[in-house]
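Here is a set of exercises to work through with the structure beside you. Try each task on your own before you read its solution.

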Amino acid sequence: MAAVFRLEPGDRYNQTLAANIHPSDWINPLPTRRYNMVVIGGGTAGLVTAADAAGLGASVALVEKTLMGGDCLNFGCVPSKALVRAARAAAEMRDADVYGIETVDVKVDFGKVMERMRRLRAQLSAKDSASRFQYELGVDVFIGEARFIGADAVEVGGQTLRFRKACIATGARAAAPPINGLAQAGYLTNETVFSLTELPRRVAVLGAGPVGCELSQTLRRFGAEVTLIERGPHILPREDEEAARLVERAIVRDGVRLLTKATVKRVEGCGGEKVLTLDQSGKLAELVVDEILVGMGRLPNVTGLGLEKAGVEYDEVRGIKVDDRMRTSNRRIFAAGDVASRFKFTHMSDATARIVIRNALFFGRDRMSALTVPWCTYTDPEVGHVGLNEVEARERGIAVTTFVQKFRDVDRAVLDGEVSGFVKVLVRQGGDEIIGATIVARHAGEMLSELTLAIARGVGLGALATVIHPYPSQAEEIKKIADAFNRTRLTPRIKRLFSTWFSLRR
Ligand SMILES: Cc1cc2nc3c(=O)[nH]c(=O)nc-3n(C[C@H](O)[C@H](O)[C@H](O)COP(=O)(O)OP(=O)(O)OC[C@H]3O[C@@H](n4cnc5c(N)ncnc54)[C@H](O)[C@@H]3O)c2cc1C
């Protein structure tokens with residue numbers, strides 16, 4: 001039986017979405033005697049594993065219990081980034097006077113914004129559709145809940161799928177924080193917030209990680225009164241502190257009320273309103289809102305999978321236990337994506353799925369620890385990060401030299417009016433190996449790949465100065481930081497040698 005799922009409102013866009021990713025008239029195929037690969041979960045990790053394996057000629061079954069496309073398409077990256085873009089348009093109109101353009105009273109039609117998101121999501125869903133995977137890519141698609149019934153077999157809807165290899169790609173879900181009265185009062189998560197058709201007037205967002213920050217700024221720019229509540233001393237706790245503080249100032253400037261070092265003690269539902277009792281650094285206060293959005297913590301989907309029967313070890317918090325080659329405690333079974341990785345990003349679901357393909361189906365020796373992992377938080381400005389930050393480098397005993405270049409020194413950033421950001425690059429002391437980098441900029445995500453490539457392919461910072469960057473572009477910032485690095489190589493001794501050489505040539 002396929003699980004129950006929510007796809008609201010039931011307009012034509014969501015109908016198209018459902019027809020693609022959970023067709024109501026879908027008839028599961030008859031399983032073959034044994035598959036080369038059975039994939040459980042049709043999110044990014046599962047789709048990439050299934051498509052690549054089938055593309056290479058393997059016989060593949062893919063089982064998805066609710067919506068193909070998983071979190072990214074339905075409740076994650078895709079809807080959130082559609083809203084982030086609309087919110088930026090509103091902010092640009094609001095701030096247009098800095099360009100000499102008369103600002104107008106910006107009115108956000110939230111219903112239309114959400115409709116645009118649903119239209120684009122439905123459009124993108126064709127790529128993840130059950131029929132594309134079955135009829136174009138040659139994957140046997142089963143809609144239903146899978147569970148292991150042995151070390152080499154999975155059961156779905158009364159049918160048994162036998163496998164030579166399997167991949168668990170069941171993803172993660174929002175963790176419900178243990179707050180008194182929260183469940184009774186009701187709250188939104190990433191699985192329900194994108195179904196809203198009306199903008200709540202007052203919203204409390206719990207947790208200032210990437211999801212909490214992106215959605216706080218977005219809802220505020222649409223006109224909601226947003227209070228962002230964070231237990232720690234600053235937002236984006238995983239990021240470089242300087243970067244986090246810069247984003248913090250930007251979202252506060254947008255009008256988000258930020259409460260740091262604050263926790264929610266209890267919640268009470270009261271005639272449509274929700275009353276939160278807050279503890280901020282020991283002081284109690286009340287906050288009345290219309291909606292609460294929980295944006296903290298993700299838990300791996302490991303229960304109900306029959307993992308014990310398959311001999312697959314797991315942890316309720318950290319997920320499926322895998323070795324560096326993404327193999328579980330059952331040699332036939334691998335895992336990919338959020339269920340088995342601390343890096344819960346779509347591109348990491350893709351990357352771990354590729355490791356599984358090579359190691360499970362061939363004699364690959366690919367290792368998770370060899371990956372260079374970038375990520376980006378799509379606030380405005382964005383924060384892009386790759387490799388280690390200063391704290392992590394210190395913890396690992398790696399001595400680094402830090403180079404920082406501010407955007408106010410880059411012509412294009414000045415012309416764009418986007419000067420409040422920086423690029424920070426950490427280089428191993430005494431050499432030019434890049435250990436990590438952080439970019440805070442409006443398009444940090446687009447700029448990050450140059451540094452990711454440099455780290456992944458061992459290109460030193462000095463070499464980036466020899467790369468010609470088009471003028472004027474904000475990416476010139478990276479060339480400038482490489483120039484700054486090269487200048488540090490000009491020691492007084494080398495400078496003296498140069499002076500002597502030039503004096504001889506006069
Ligand atoms: C609001 C939000 C915004 C995000 N934005 C970004 C972003 O901008 N960039 C980025 O890189 N990442 C982003 N992420 C993270 C990204 O969405 C996830 O890392 C990614 O979707 C994980 O993919 P996955 O395949 O591992 O798991 P999922 O997408 O969760 O897929 C797992 C699938 O397995 C299915 N399943 C579970 N159990 C069973 C079973 N027993 N039988 C059959 N099927 C089962 C589920 O129904 C689900 O469809 C965001 C997340 C959120 C919540």
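Two strands pair if DSSP finds at least two bridges between them. Helices (H or I, at least four residues) and strands (E, at least two) are DSSP runs, numbered from the N terminus. This is a predicted model, in which local features need pLDDT of at least 70 and side-chain atom pairs count only at pLDDT 80 or more, while totals for chains, interfaces and linings use all residues. Residues are numbered from 1 along each chain as its sequence is written, and side-chain values use heavy atoms, with hydrogens and water left out.

**Exercise 1. Two open sheets**

Task: find the order of the three strands in the antiparallel open sheet, then do the same for the open sheet of four strands.

Solution.
- Step 1: The three strands lie in the order β11-β12-β13, and their pairing is antiparallel.
- Step 2: At the edges are β11 (262–270) and β13 (283–289), each of which pairs on one side only. Neighbouring strands here are turned by 20° against each other on average, direction ignored. (Axes for such angles are lines fitted to C-alpha atoms, for helices over the stretch in contact, and angles run from 0 to 180 degrees between N-to-C directions.)
- Step 3: Look at β12 (residues 273–280), which is joined to β13 by seven bridges. T277 stands opposite E286 in β13.
- Step 4: The four-stranded open sheet has the order β10-β9-β8-β14, with parallel pairing. Its edge strands are β10 (257–259) and β14 (291–294).
- Step 5: Five bridges connect β8 (residues 202–206) with β9 (residues 225–229). One place to check is R202, whose bridge partner in β9 is E225.

**Exercise 2. An enclosed strand**

Task: decide how many of the six residues of strand β1 are buried, and find the strands that pair with β1 in the parallel sense.

Solution.
- Step 1: Start with the term: buried means under 20% relative accessible area, exposed over 50%, partly exposed in between (1.4 Å probe, protein chains only).
- Step 2: In β1 (residues 35–40), five of the six residues are buried, so the strand is largely enclosed by the rest of the structure.
- Step 3: One parallel partner is β6 (residues 159–168), held over five bridges; there I40 stands opposite I168.
- Step 4: Another is β2 (residues 60–64), over four bridges, where M37 stands opposite V60.
- Step 5: Follow the chain from β1 through helix α2 (residues 44–55) to β2: this β-α-β crossover is right-handed. (That is, with the strands pointing away from the viewer, the path from the first strand over the helix to the second runs clockwise.)

**Exercise 3. Cysteines without a bond**

Task: how many disulfides does a search of the whole structure find, and why does C167 not form one?

Solution.
- Step 1: A disulfide is a pair of cysteine sulfur atoms within 2.5 Å.
- Step 2: The search finds zero.
- Step 3: For C167, the closest cysteine sulfur is in C72, 17 Å away, so it is too far for a bond. C167 is also buried, at 0% relative accessibility.
- Step 4: For C376, the closest cysteine sulfur belongs to C77 at 12 Å, again too far for a bond. C376 counts as buried too, at 12% relative accessibility.

**Exercise 4. Aromatic rings**

Task: classify the pair F110 and F222, then the pair F345 and W375.

Solution.
- Step 1: A pair of aromatic rings is described by the distance of the centres and the angle of the planes.
- Step 2: Rings of Phe, Tyr and Trp (its six-membered ring) pair if their centres lie within 6.5 Å; planes under 30 degrees apart count as stacked, over 60 as edge-to-face and the rest as tilted. By this rule there are seven aromatic pairs.
- Step 3: F110 and F222 are 5.9 Å apart centre to centre, with 65° between the planes, and the pair is edge-to-face. F110 lies in helix α5 (residues 110–124) and F222 in helix α8 (residues 210–222), 112 residues apart. Both are buried.
- Step 4: F345 and W375 have ring centres 5.6 Å apart and planes at 15°, so this pair is stacked.
- Step 5: F343, F345 and W375 form one aromatic cluster.
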